[in-house]
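Please walk through this model with me, one site at a time. Keep the sequence and the coordinates open side by side.

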Amino acid sequence: MTYARFLALFLGPPLVLAVVLTRRILGLRHLLFLLGMSLVVVAWTSPWDNAAVAAGLWGFDPARHSGLVIGLLPLEEYLFFLLQTWVTSLLMIRWVMR
């Protein structure tokens, strides 16, 4: 299975559900929060993941990702931690705003 397919199968449906559940309550402040969280998660996670790949703790099979690499990480890895953040943040917004 490719990394993109993994993302589509396991993060696509929860993201769609989270968007559907929050679409009526999302405002500019929520979108700014998501943007801020996205910046924090990339800044916080990227060094860790790059260091782990550099140290040989894990790696990414070139046949299973797009070939677009930033640092030592494929684009799909960045999408993975962004999509997780969006799903979790949207569900928390929904839970808090009920």
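What follows covers the aromatic pairs, then a histidine site, then a surface patch. The model is a predicted one.

Start with the rings. A search of the whole structure finds seven aromatic pairs. Take Phe-6 and Phe-80. Their ring centres are 6.4 Å apart and their planes meet at 50°. That angle lies between the 30 and 60 degree limits, so the pair counts as tilted. The pair links distant parts of the chain. Phe-6 sits in helix H1, residues 3–10, and Phe-80 in helix H4, residues 75–96. In sequence, 74 residues separate them. Are these two rings buried or exposed? Neither label fits, because buried means under 20% relative accessible area and exposed means over 50%. Phe-6 has 32% relative accessibility and counts as partly exposed. Phe-80, at 23%, is partly exposed too.

Now stay in helix H4 for another pair. The rings of Tyr-78 and Phe-81 have their centres 5.5 Å apart. Their planes are at 65°, so this pair is edge-to-face; the cut-off for that class is over 60 degrees. Tyr-78 and Phe-81 are three residues apart in helix H4, which means about one helical turn separates them. Both Tyr-78 and Phe-81 are buried.

Step back to the wider network. Ring pairs join Tyr-3, Phe-6, Phe-10, Phe-60 and Phe-80 into a cluster. Two members of that cluster, Tyr-3 and Phe-60, lead to the next site.

That site is His-65. It lies in the loop between H3 and strand S1, residues 69–70. His-65 has 15% relative accessibility, so it counts as buried; the limit is 20%. What does the side chain of His-65 reach? It comes to 3.0 Å from the backbone nitrogen of Gly-67. Which residues does His-65 contact, once neighbours within four places in sequence are left aside? They are Tyr-3, Phe-60, Pro-74 and Glu-76. Tyr-3 and Phe-60 are the cluster members just named.

Finish at the surface. Leu-28, Leu-31, Leu-32, Leu-35 and Leu-39 make a nonpolar surface patch of about 530 Å². Leu-28 is found in helix H3, residues 28–54. Its relative accessible area is 61%, so Leu-28 is exposed. By contrast, His-65, in the loop between H3 and strand S1, is buried.

Conventions:
Residues are numbered from 1 along each chain as its sequence is written. This is a predicted model: local features need pLDDT of at least 70, side-chain atom pairs count only at pLDDT 80 or more; totals for chains, interfaces and linings use all residues. Side-chain values use heavy atoms; hydrogens and water are left out. Patches are made of residues with over 30% relative accessible area and no salt bridge: like charges are joined within 9 Å, nonpolar side chains (Val, Leu, Ile, Met, Phe, Trp, Tyr) within 5 Å. Accessible areas come from the Shrake-Rupley method with a 1.4 Å probe; for residues, only the protein chains shown count as cover. A salt bridge is a side-chain nitrogen of Lys or Arg within 4 Å of a carboxyl oxygen of Asp or Glu. Helices (H or I, at least four residues) and strands (E, at least two) are DSSP runs, numbered from the N terminus. Buried means under 20% relative accessible area, exposed over 50%, partly exposed in between (1.4 Å probe, protein chains only). A polar contact is a pair of N or O atoms within 3.5 Å; within protein, one must be able to donate a hydrogen and the other to accept it, and residues adjacent in sequence count only if both atoms are side-chain atoms. Contact means heavy atoms within 4.5 Å. Rings of Phe, Tyr and Trp (its six-membered ring) pair if their centres lie within 6.5 Å; planes under 30 degrees apart count as stacked, over 60 as edge-to-face and the rest as tilted.
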